[in-house]
Amino acid sequence: MTDIDTNWANYFFSRVSELSQAGIDVSLRATSRLEGGAIGYYYPHVKIVVAIRDPDWRATFVHEYCHFRQDRSGRKGWDCRAADTDITEDMLPAEAEYIASQTMLKEFDCDRRALREIKRHSLPIDATVYAKDANAYALQILYSGAGAQVNFSKAFIAALPGDLKKTPQMTPEMRAKIEADAYVED
Ligand SMILES: [Zn+2]
């Protein structure tokens, strides 16, 4: 094995063992997508599921592990399951904004933790690519809120990192540029 493989193997087995001691199952599926299209998810207090035929499955595992760490540290917002964070058209704007903002802030916190893991353990994951994907994901949540006619408050917009601050009214051109340029650094 190369050093990179050894780093990953050591990291992965130590995290799986930590999860198992906490009573969390790790389920690795020999597929590239799970039902619903995700590469992985953390089901609070129960399990982490990852589709290991996707080339980014390692980054997904680290991300879901960091959701577990958020959960363990008692971070607010973990009582809502993934299914409760979808924004629907019949929601009141205030309700949609609340859900979108809580989801985004939870994901930002998770992604900062994941970037620290990637760097601290020299994992074979490109941190810049990871951060760009994380921002694109945050934008997707922001737009799902925008589709439900959400007007994010100034305080919420101010809490977003970097370029995302300027995006209450996003055009497709702005979106393409931000997805290409955005970078989250802690
Ligand atoms: Zn997440």
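The following exercises, each with a worked solution, concern a predicted model.

**Exercise 1.** Determine which element of the protein has the lowest mean pLDDT and which the highest.

*Solution.* Begin with the whole protein: its mean pLDDT is 76, and 61% of its residues reach 70 or more. Next, turn to the elements. Helix H6 (residues 172–181) has the lowest mean pLDDT, 51, whereas strand S1 (residues 25–29) has the highest, 97. Finally, consider a stretch at the end of H6: over residues 181–186 the pLDDT is below 50, although this stretch has 17 contacts in the model beyond near neighbours in sequence. Where pLDDT is low, the predicted coordinates should not be read in detail.

**Exercise 2.** Compare the reach of helix H2 with its expected value, and state which of its residues are buried.

*Solution.* Helix H2 spans residues 57–72, which makes 16 residues. From its first C-alpha to its last, H2 reaches 22 Å, close to the 22 Å expected at 1.5 Å a residue. The buried residues of H2 are Ala59, Thr60, Phe61, Val62, His63, Glu64, Tyr65, Cys66, His67 and Phe68. After the helix comes Gly74, with a positive phi near 75 degrees.

**Exercise 3.** Establish which side chains of strand S2 are buried and how many bridges join S2 to strand S3.

*Solution.* In S2 (residues 40–43) the side chains alternate. Gly40 and Tyr42 point to one face and are buried; Tyr41 and Tyr43 point to the other and are not. S2 and S3 (residues 47–51) run antiparallel and are joined by four bridges. Within this pairing, Tyr43 stands opposite Lys47 in S3. Three residues lie between the strands of the hairpin, where His45 takes a positive phi near 70 degrees.

Methods. Residues numbered from 1 in each chain as written. Predicted model: local features only at pLDDT ≥ 70, side-chain atom pairs only at ≥ 80, totals over all residues. Helix = DSSP H or I, 4+ residues; strand = E, 2+ residues; numbered from the N terminus. Expected span 1.5 Å × (residues − 1). Buried ≥ 20, exposed ≤ 12 C-beta atoms within 10 Å, placed from the backbone. pLDDT = per-residue confidence, 0-100. Contact = placed C-beta atoms within 7 Å. Pairing = 2+ DSSP bridges.
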